[in-house]
Amino acid sequence: MFQKRRLSFWQIWNLSFGFLGIQMGFALQNANASKILLIFGADVHDLGWFWIVAPLTGLIVQPIVGHYSDRTWNRLGRRRPYFLTGALLASLGLVLMPNADMFTAFMPALWVGAGMLMVMDASFNVAMEPFRALIADILPADQRTLGYGLQTVLIGIGAVVGSWLPYVLTNWVGLDNTAGAGEVPFNLLLSFIIGAVVLITSVLVTVFTTKEYTPEEMAQLLQSEGPGTIDEAPGKLSDIFTDFRKMPRTMRQLSWVQFFSWFGLFGLWVFALPAIAQHIYGLDPNDNQSTAFQNAGDWLGILFGIYNGISAIFAFFLPAIAKKVGRKKTHAISLIIGALGFLSIYIMPDENWLILSMVGIGVAWASILAMPYAILAGSIPPQKMGVYMGIFNFFIVIPQIVNALIGGPMVRHLYNEQPIYALMTSGISFLVAALLVSRVDDKDDQIVSI
C-alpha cells in the first residue's frame, strides 16, 4: 500500500517557508492599510467599506482556486502555480498601494489605494489557501499538527518583520515618518517595497525545494483510502455548490468557530489605529496627519509585531499542548486568552501596557492559524482537499464582510464615535468562538494521557 512520505523538520520548514513572505506582506497591509487610506482622505467611519471589497473578492476567488488546484498538474506541480501567481500579484499591490498618489492624473489616490488593497488581499488569499492544502496533501496525518504549527511559526516571523519594519526604518535607520498632506511617509513606502521583494523570494524557496506528489502517486494514495473514495467524474466548476452542500459535519461545526474568530480579528485590523489614537493617545478623531498620529501608527506596527511574535513562539508549543489536552481544548483556551487581551485594552493606562494585551491576542492568533486546519484536514476527502480549503475560506471572509458592513455604523451610532468599543466587541466575539469549539467533532485527534 502506497503511503505518504514522512518529512524531516527542515523539509516541513521549507514546505511552508513561502508563508514567511506572504505574511510579511499581509502584516504590512493589516497594520498600515487603514493609515494609508486615512492619509489619502478616507473617513474613519468608512474604513470598513474600503476593506469590504477584499474579502468579497476572496469569497469568489478562493473556492475557484481550490477547485482548479485539485485538478492542476504542470511543470510547477499542483498547488505551486497558484501560490506563486498570488505572490506575484500581491507584490505588485504592495508596491503600488502607498504610491497611489502617482496616479492622481487618472483618478483620486484614495480610489487607487482602495483598489490596490483589493488586489493585495485577493492575491494573499490566492496564495494562502493552496499553501494550506499543500500541507494536507504532502504530510501524513500524524505530522499535520507539526506542519501547521511550523507554518504558524513562519507566519509569526514574517508578520513581526512586516509589522515592525516602518518603526525600525524610522527609529533605528533614521528615515522620516512624516510627509506632506495626502502623502505617504518614506519609511512606509520603503517598507512596502522591501515586503514585496521578501514575498517573492520566500515563495520561490518553497517552489524550488518542495516536491509534490505526481498525479499517479495521488491516485495510489486515494486508492489506499478504500473503495468509493475516488471521484471518477470530471470535475465541473459548478461542483463547488454541490461540495458546499455536502461539506463534512466537522467543517460545518468549525464554520461557526471561524466566523466569530475572524469577525473579531477584522475589528482589530480596521479599528485598532483610530481606537488607540483616540483612547490611548488622546487624539482628535479627525487627526490623520500630525506627528503624534504617525507615532501612533508606527507604535501600532510594533504592537502587531508583538502579537505575531508571540504567535510564532506559542506555535512551537501547540503540537505538544494539543497532544496532552486535545486540539479542541487547546483552541478554546487560546481563544479565551485572546478575548482577555482584547478586553484589557480598555483599561490600559498608556501605550506601553498594550504590549500585555497583544500577548493574549498573539496566543489566540497562533491557535487560529493552526488548530482549525489541523482539525479540518482529517475530515476532508483527499481528492477534495483544495476545493474544501477554498470553501473553508468562506468562513474567514464572510465574517469580515459582515464586520465591514456593520462596524462603521456601530462606531458612529452605537458606540458614540468611540472605536475602542469595536475592539471590545472583538473580545466578546472571541469568547463566543471559544464556547462553540466544544461542539466540534475532531475525527483524528490524538490525546496523550498525562
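**Salt bridges, a helix pair and a few single residues**

Seven salt bridges turn up in this structure, which is a predicted model. Three of these pairs are walked through here, followed by one pair of packed helices and then a handful of individual residues.

To start with, Arg79 pairs with Asp137, and their closest N and O atoms sit 2.6 Å apart. This salt bridge links distant parts of the chain: Arg79 belongs to the loop between α3 (47-69) and α4 (80-96), while Asp137 is part of helix α5 (residues 109-138), 58 residues away. How accessible are the two partners, buried or exposed? Arg79 has a relative accessible area of 0%, so Arg79 is buried. Asp137 comes out at 5%, and since the cut-off for buried is under 20%, Asp137 is buried too.

Next door in sequence, Arg80 makes a salt bridge of its own, with Glu212, at 3.2 Å from N to O. Arg80 lies in helix α4 and Glu212 in the loop between α7 (186-209) and α8 (215-224), so this pair ties together parts of the chain that are 132 residues apart in sequence. Arg80 has a relative accessibility of 11% and therefore counts as buried. Glu212, with a relative accessible area of 4%, is buried as well.

A third salt bridge brings together the side chains of Asp442 and Arg327, with 2.9 Å between N and O. Where do these two sit along the chain? Asp442 is found in the segment after α16 (420-436) and Arg327 in helix α12 (residues 327-344), so parts that are 115 residues apart in sequence are tied together by the pair. Here again, both ends are out of the way: Asp442 counts as buried at 11% relative accessibility, and Arg327 counts as buried at 5%. Salt bridges can also share partners, and in this model Arg78, Arg79 and Asp137 are joined that way into one network.

Now for the helices. Two packed helices are described by the angle between their axes and the distance between the axes. For helix α2 (residues 18-39) and helix α11 (residues 291-325), the axes come within 9 Å and cross at roughly 165°. That angle makes α2 roughly antiparallel to α11, because the cut-off for this label is over 145 degrees. The crossing of α2 past α11 is right-handed.

Which residues do the touching? On the α2 side they are Asn30, Ala31, Lys35, Leu38 and Ile39. Their counterparts in α11 are Phe293, Gln294, Gly297, Asp298, Leu300, Gly301 and Phe304. Sorted by class, this contact between α2 and α11 is made up of six nonpolar, four polar and two charged residues.

A few single residues help fill in the picture. Ser429 is part of helix α16, and at 4% relative accessibility Ser429 counts as buried. What does Ser429 touch, once neighbours within four places in sequence are set aside? The answer is Phe260, Phe263 and Gly264.

Helix α12, which begins with the Arg327 of the third salt bridge, also holds Ala339. With a relative accessible area of 0%, Ala339 is buried. Leaving out neighbours within four places in sequence, Ala339 is in contact with Gly427, Phe430 and Leu431. Ile194, on the other hand, lies 33 Å from Ala339 in space, C-alpha to C-alpha, and 145 residues from Ala339 in sequence.

Last come two residues whose backbone angles stand out. Most residues other than glycine have a negative phi. Asn416 goes against this, with a positive phi of about 55° although Asn416 is not a glycine. Glu417 is another non-glycine residue with a positive value, its phi being near 65°. Where are they found? Asn416 is in the loop between α15 (394-414) and α16, and Glu417 lies in the loop between α15 and α16 as well. As for accessibility, Asn416 counts as exposed at 56%, because the cut-off for exposed is over 50%. Glu417 has a relative accessible area of 32% and is therefore partly exposed.

Definitions and conventions
Residues numbered from 1 in each chain as written. Predicted model: local features only at pLDDT ≥ 70, side-chain atom pairs only at ≥ 80, totals over all residues. Heavy atoms only, no water. Salt bridge = Lys/Arg side-chain N within 4 Å of Asp/Glu carboxyl O. Helix = DSSP H or I, 4+ residues; strand = E, 2+ residues; numbered from the N terminus. Buried < 20%, exposed > 50% of the residue type's maximum accessible area, 1.4 Å probe, protein only. Axes fitted to C-alpha atoms, helices over the stretch in contact; angles between N-to-C directions. Parallel < 35°, antiparallel > 145°, perpendicular 65-115°, else oblique. Left-handed = near helix turned anticlockwise from the far one by under 90°. Contact = heavy atoms within 4.5 Å. Nonpolar A, V, L, I, M, F, W, Y, C, P; charged D, E, K, R; others polar.
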